[in-house]
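Let us go through this structure step by step, beginning with a single residue and then turning to the sheets and helices around which the description is organised.

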Amino acid sequence: MTAALPPSFDLVALGCIDSTNDEARRRALNGAGHGTVVWAKEQTAGRGRRGRTWVSPPGNLHCSVVLHPGATMPDAPQLAFVAAVALREALAELAPAAVFQCKWPNDILCGGRKVAGMLLEAAAPWIILGVGVNLAQAPDPALYPTTCLRQAGSGAEAFDVLAGFCDCLAVWYERWITEGFAPLRAAWLAHGCGLGGPVTVRFADGSMMEGRFFGLDERGALLLDRPDGSRYPVLAGDVFFGT
């Protein structure tokens with residue numbers, strides 16, 4: 001791991017703020033460019049997908065990155081896979097004895113428990129990528145059981161994770177821009193959680209769908225094989241594995 005961020009990133013280090021995503025959005029709208037990284041020691045209004053609260057105690061990593069997908073804006077949701085592959089690589093380097101997996105659509109698991117999550121938000125022409133990693137503490141779970149890097153045997157500090165993540169993000173972002181989604185899809189599937197097994201998807205309206213997790217399509221949708229033999233592409237939802 002490096003002791004500094006790659007030169008393509010511009011670090012803004014703060015203390016306690018409302019939300020790194022909100023601060024990154026404010027800065028982007030006021031002229032901050034691609035690669036601006038907002039890192040806070042603590043958040044008072046951190047959030048995850050669908051407006052859920054993201055508990056953000058001191059000692060964990062809370063950061064957001066300003067990204068410019070450019071001509072690929074219609075494919076901007078694929079940045080969640082860019083971030084997931086990069087973050088999984090960085091965490092695996094910091095805790096090589098642990099098993100890290102990518103969980104669709106935007107979580108990282110360690111030993112089957114959630115250790116990190118990501119949130120993409122649009123601030124056209126920018127995309128704000130929020131990342132939260134449980135380092136020192138594993139907040140009480142809401143939807144899924146949680147863990148932290150300390151429990152995985154890593155003594156890494158927040159900046160260690162941030163620097164490693166940015167190193168990997170720079171590589172995978174460039175591959176996505178130049179090569180498209182295919183290499184990302186392959187890298188994600190190599191460490192994907194639940195492939196081939198039973199899965200239940202809960203949609204925003206509360207409806208549920210069950211099947212087997214076949215894989216990802218060329219857009220990043222979860223492919224759900226239904227009991228009736230059909231294959232359904234899921235673009236958004238909460239995923240639960242097991243019977």
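Where does Asp75 lie? In this predicted model, Asp75 is found in the loop between β3 and α2. With a relative accessible area of 37%, Asp75 counts as partly exposed, because that class covers the range between the 20% limit for buried and the 50% limit for exposed residues. Asp75 is separated from Gly215 by 140 residues in sequence, while the two C-alpha atoms are 18 Å apart in space.

The two elements that flank this loop lead to a sheet of seven strands, which is open, has mixed pairing and runs in the order β1-β2-β3-β7-β6-β5-β4. At its edges stand β1 (10–17) and β4 (100–103), and since each of them has a single partner strand, one side of each is left without a neighbour in the sheet. From one strand to the next, the twist averages 20°. Within this sheet, β5 (residues 107–110) and β6 (residues 113–123) pair in the antiparallel sense over four bridges, and Cys110 has Arg113 in β6 as its bridge partner. Helix α2 (residues 79–94) packs on the sheet, where it touches β3 (61–67), β4, β5, β6 and β7 (126–133), and the direction of α2 makes about 145° with that of β6.

A further sheet is open as well, and consists of five strands in the order β11-β10-β9-β8-β12, with antiparallel pairing. Here the edge positions belong to β11 (231–234) and β12 (238–241), each of which has a single partner strand, so that one side of each remains without a neighbour in the sheet. The twist in this sheet averages 45° from one strand to the next. Strand β8 (residues 198–202) pairs with strand β9 (residues 208–216) in the antiparallel sense over five bridges, and Glu210 in β9 is the bridge partner of Thr200.

There remains a pair of helices to consider. Two packed helices are described by the angle between their axes and the distance between the axes. For α3 (residues 158–179) and α4 (residues 182–190), the packing angle is about 135° and the axes are 8 Å apart, and α3 and α4 are therefore oblique to each other. The contact brings Trp172, Arg175, Trp176 and Glu179 of α3 together with Pro183, Leu184 and Ala187 of α4. By residue class, this contact of α3 with α4 comprises five nonpolar, no polar and two charged residues.

Definitions and conventions: Residues numbered from 1 in each chain as written. Predicted model: local features only at pLDDT ≥ 70, side-chain atom pairs only at ≥ 80, totals over all residues. Heavy atoms only, no water. Pairing = 2+ DSSP bridges. Axes fitted to C-alpha atoms, helices over the stretch in contact; angles between N-to-C directions. Contact = heavy atoms within 4.5 Å. Buried < 20%, exposed > 50% of the residue type's maximum accessible area, 1.4 Å probe, protein only. Parallel < 35°, antiparallel > 145°, perpendicular 65-115°, else oblique. Nonpolar A, V, L, I, M, F, W, Y, C, P; charged D, E, K, R; others polar.
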